[in-house]
Amino acid sequence: MSETTELHSSIVALVSLAAAIAARHPDMGLCQLDRLRQAGVPEAHIRTVIEIARHLRDEAAEKLDAAFDEKAGLGEAAPATPPARSANERLGEIAVTSGEACCTPTPGGQSCC
């Protein structure tokens, strides 16, 4: 049995704002920002969501850049012809080990996990 519950409109707007920022959406989440302010969501909550979204976006970009540099041989020495690996082997490379933090806190100290 599947139960459908609707999220409060302010939660939807916060999630949408964060996603738009993290995805670098051209509309930048400005519509959601207006909705949140009209709904009376505290500015401190909005700033926290913006900080976390920007942190995740920037962290993802840094990790992608580092992975690209490694694969392209621009950073640490990369093998000239890497051996072919299965999707499962490649997925294993990004697995989080037990006890390892899934993300780093934002510069303001907010947890994004």
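**View 1. The largest nonpolar core of the predicted model.** Ten residues make up this core: Ala13, Leu17, Ile21, Leu33, Leu36, Val41, Ile46, Val49, Ile50 and Ala53. Two or more of its residues come from each of helix 1 (9-22), helix 2 (30-38) and helix 3 (43-72). Helix 3 gives the largest share, four residues. In soluble globular proteins, nonpolar side chains tend to be buried together.

**View 2. Contacts of Ile46, a member of that core.** With neighbours within four places in sequence left aside, Ile46 is in contact with Leu17, Leu33, Leu36, Arg37 and Val41. Among these partners, Leu17, Leu33, Leu36 and Val41 are listed in the largest nonpolar core.

**View 3. Arg24 and Met28 in the loop between helix 1 and helix 2.** Arg24 has a phi near 55 degrees, which is a positive value in a residue other than glycine. The relative accessibility of Arg24 is 55%, over the 50% cut-off, so this residue counts as exposed. Met28 is found in the loop between helix 1 and helix 2, and its phi, near 60 degrees, is again positive in a residue other than glycine.

**View 4. Asp69 in helix 3 and its contacts.** Not counting residues up to four places away in sequence, Asp69 touches Leu74 and Gly75. The relative accessible area of Asp69 is 31%. Asp69 is classed as partly exposed because this value lies between the limits of 20% for buried and 50% for exposed.

Conventions
Residues are numbered from 1 along each chain as its sequence is written. This is a predicted model: local features need pLDDT of at least 70, side-chain atom pairs count only at pLDDT 80 or more; totals for chains, interfaces and linings use all residues. Side-chain values use heavy atoms; hydrogens and water are left out. A nonpolar core is a set of buried Ala, Val, Leu, Ile, Met, Phe, Trp, Tyr and Cys residues joined through side-chain atoms within 4.5 Å. Buried means under 20% relative accessible area, exposed over 50%, partly exposed in between (1.4 Å probe, protein chains only). Contact means heavy atoms within 4.5 Å.
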